[in-house]
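Visitor: I am new to this structure and would like to learn how to read its features one at a time. Could you take me through it slowly, giving the general idea before the particular case?

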Amino acid sequence: MHCVIRAILIVMLSSFSLFAGDFLAKEALKAQKDKKLLLVTVSSDRCPYCIKMRKDVFENTSYKSKIAQKYIHVEVMHNDIALPEALHAKYLPTNYILSPKDLKVLDEFAGYIEPKHFLELLEEVYQQEIK
């Protein structure tokens, strides 16, 4: 009986890992094709700063279009099973910038950042990484 339960758990955990890999792999392919970086926002619906950042930056048409010129943006809830272990954030919101080639974390920014400063940070990282 223990062997059966153990086998079921292994299969379930393996499928979670595969799902997480597929989740970022699809976005990485798009980013590579368009010469963009990945911007992954780890967030929560109950976090006041996450809500503020979402509203002020990611739902603002002007900022959203500027980000989309150089980044593929993905927002993931902190408790989502698709979130890879390497992107589990201690503080929310946390924004990770990933290389689309190997999904390596290039930079990360924790907490709420004023929209103008956030765009400046994104531009700086983009200029350093895309040559």
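Guide: Let us start with burial, where buried means under 20% relative accessible area, exposed means over 50%, and partly exposed lies in between, with a 1.4 Å probe and protein chains only. In strand S1 (residues 37–43), Leu37, Leu39, Thr41 and Ser43 on one side and Leu38, Val40 and Val42 on the other are all buried, and both faces are thus covered. Because seven of the seven residues of S1 are buried, this strand is largely enclosed by the rest of the structure. Strands (E, at least two residues) and helices (H or I, at least four) are DSSP runs, numbered from the N terminus.

Visitor: How far should I trust the numbering and the values?

Guide: This is a predicted model, in which local features need pLDDT of at least 70 and side-chain atom pairs count only at pLDDT 80 or more, while totals for chains, interfaces and linings use all residues. Residues are numbered from 1 along each chain as its sequence is written, and side-chain values use heavy atoms, with hydrogens and water left out.

Visitor: In what order do the strands of the open sheet lie, and which are the edge strands?

Guide: In general, two strands pair if DSSP finds at least two bridges between them. Here the open sheet of four strands has the order S2-S1-S3-S4, with mixed pairing. Strand S2 (71–77) and strand S4 (105–110) are the edge strands, each pairing on one side only. On average, neighbouring strands of this sheet are turned by 20° against each other, direction ignored.

Visitor: In which sense do S1 and S2 pair, parallel or antiparallel?

Guide: S1 and S2 pair in the parallel sense over seven bridges; Leu37 stands opposite Tyr71 in S2, and Val42 has Val76 of S2 as its bridge partner. With S3, by contrast, S1 pairs in the antiparallel sense over five bridges, where Leu38 is partnered by Leu98 and Thr41 by Asn95.

Visitor: What joins S3 to S4?

Guide: Five bridges join these two strands, which run antiparallel, and Asn95 has Phe109 in S4 as its bridge partner. Their hairpin has six residues between the strands, and Leu103 takes a positive phi near 60° there. As for burial, five of the five residues of S3 are buried, with Thr94, Tyr96 and Leu98 pointing one way and Asn95 and Ile97 the other.

Visitor: Which strands does helix H2 touch?

Guide: Contact means heavy atoms within 4.5 Å. Helix H2 (residues 48–58) packs on the sheet and touches S1, S2 and strand S3 (94–98), its direction making about 145° with that of S1. Such angles run from 0 to 180 degrees between N-to-C directions, with axes fitted as lines to C-alpha atoms, for helices over the stretch in contact. Helix H3 (residues 61–70) lies across S1 and S2, running at about 115° to S2.

Visitor: Why does Glu27 count as buried?

Guide: Glu27 counts as buried because its relative accessibility is 17%. This residue belongs to helix H1 (residues 2–34), and, not counting residues up to four places away in sequence, Glu27 touches Leu38, Ile72 and Val74.
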